[in-house]
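I opened this notebook to record what I looked up in a single-chain model. The entries follow the order in which I made the queries.

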Amino acid sequence: MHEPIAYFEHGADMGVVGRGETMEQAFEHAAAAVFAMMTDLDQVVPRESVAVEFEEADPELALVTWLNLLLGQARSRALVFGRFHLRRDNARWTGTGEGEPWHSGLERGIEVKGATLTGLAVTERDGIWEARCVVDV
């Protein structure tokens, strides 16, 4: 007789880490890590800039929000971002993703569906900030 339910390993996730001298820079580098999974960022020309704004006091939730807003904007506009800028004023975050429309000259890598709360951490140690989370691919 077989069991009515079972579980299996789901290996379709990947952890990303961004590091920097500031929290914002670590978040920018985490965004670069996400989009570098999709294409070679050195090939992305910053032809368009898309602004994102949000409010979030918790740094870890802010990281997930930042990454998911960028992914959502990129998906809805058929863009790929290669450069990122983020500033914080208390709980208010403003940033941009700069990139271009997808075209045949850009190599397509792994599609990233979204950032998750899994493995989520924003820490500072010895003057270096680290922002990490698992993304669903």
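**Entry 1: burial and overall form.** I took buried to mean under 20% relative accessible area, exposed to mean over 50%, and partly exposed to cover what lies in between. The model is predicted. With that cut-off, I found that buried residues make up 39% of the 137 residues in the chain. I then looked up the accessible surface of the chain, which comes to about 8,100 Å², with 49% of it belonging to carbon and sulfur atoms. Along the principal axes, the C-alpha atoms fill a box of roughly 60 × 40 × 25 Å.

**Entry 2: secondary structure.** I counted 2 helices and 7 strands in the chain. Read from the N terminus, the order of elements is β-α-β-α-β-β-β-β-β. I also looked up how contacts are spread along the sequence: among those between residues at least 6 apart, 67% join residues at least 24 apart.

**Entry 3: the largest nonpolar core.** As background, I noted that nonpolar side chains tend to be buried together in soluble globular proteins. The largest nonpolar core here has 37 residues, and F27, V34, F35, L63, W66 and L67 touch the most other members. The elements α1, β2 (48-55), α2 (59-77), β3 (79-89) and β7 (128-136) each supply at least two residues of this core. Helix α2 gives the most, with 8 residues. I then followed L67, one of the residues touching the most other members. Leaving aside neighbours within four places in sequence, L67 is in contact with A30, A31, V34, A115 and C133.

**Entry 4: E24 in helix α1.** I looked up E24, which is found in helix α1 (residues 23-36). Is E24 buried or exposed? Its relative accessibility is 13%, so E24 counts as buried, since the cut-off for buried is under 20%. Beyond four places in sequence, E24 is in contact with L86, R87, R88 and W93.

**Entry 5: L41 after helix α1.** I placed L41 in the loop between α1 and β2. L41 has a relative accessibility of 14% and therefore counts as buried. Not counting residues up to four places away, L41 touches A32, F35, A36, F81, G82 and R83. For the pair L41 and F81, I noted a C-alpha to C-alpha distance of 7.8 Å across 40 residues of sequence.

**Entry 6: A51 in strand β2.** I found A51 in strand β2. At 56% relative accessibility, A51 counts as exposed, because the cut-off for exposed is over 50%. Which residues does A51 touch, not counting those up to four places away in sequence? I recorded G95 and T96. I also looked up A51 against E130, 79 residues apart along the chain, and found their C-alpha atoms separated by 23 Å.

**Entry 7: A78 and P101.** A78 is found in the loop between α2 and β3. Its phi is near 55°, a positive value in a residue other than glycine. At 44% relative accessibility, A78 counts as partly exposed. I next turned to P101, which has its place in strand β4 (residues 92-101). P101 is partly exposed as well, with a relative accessible area of 34%. Leaving aside neighbours within four places, P101 is in contact with E48, A78, L79 and L106. I noted that E48 and P101 are 53 residues apart along the chain, while their C-alpha atoms are separated by 8.4 Å.

**Entry 8: D126.** I looked up D126, which lies in the loop between β6 (121-125) and β7. D126 has phi near 55°, a positive value in a residue other than glycine. With a relative accessible area of 74%, D126 is exposed.

**Entry 9: the largest pocket.** I closed with the largest pocket, whose volume is about 240 Å³. Which residues lie nearest the centre of this pocket? Of the 13 residues lining the pocket, they are M38, R75, W102, R108 and E111. By class, the lining has 9 nonpolar, 1 polar and 3 charged residues. Helix α2 gives the most to this lining, with 3 residues; α2 also gives the most to the largest nonpolar core, with 8.

Note on methods. Residues are numbered from 1 along each chain as its sequence is written. This is a predicted model: local features need pLDDT of at least 70, side-chain atom pairs count only at pLDDT 80 or more; totals for chains, interfaces and linings use all residues. Side-chain values use heavy atoms; hydrogens and water are left out. Helices (H or I, at least four residues) and strands (E, at least two) are DSSP runs, numbered from the N terminus. Buried means under 20% relative accessible area, exposed over 50%, partly exposed in between (1.4 Å probe, protein chains only). Contact means heavy atoms within 4.5 Å. A nonpolar core is a set of buried Ala, Val, Leu, Ile, Met, Phe, Trp, Tyr and Cys residues joined through side-chain atoms within 4.5 Å. On a 1 Å grid over the protein atoms alone, a cavity is a set of points where a 1.4 Å probe fits but cannot get out, and a pocket is an open set with protein on both sides within 12 Å along at least five of seven lines; lining residues have an atom within 4 Å of a point. Grid points are joined across faces, edges and corners, and a volume is the space filled by probe spheres set on the points. Ala, Val, Leu, Ile, Met, Phe, Trp, Tyr, Cys and Pro count as nonpolar, Asp, Glu, Lys and Arg as charged, and the others, Gly among them, as polar. Accessible areas come from the Shrake-Rupley method with a 1.4 Å probe; for residues, only the protein chains shown count as cover.
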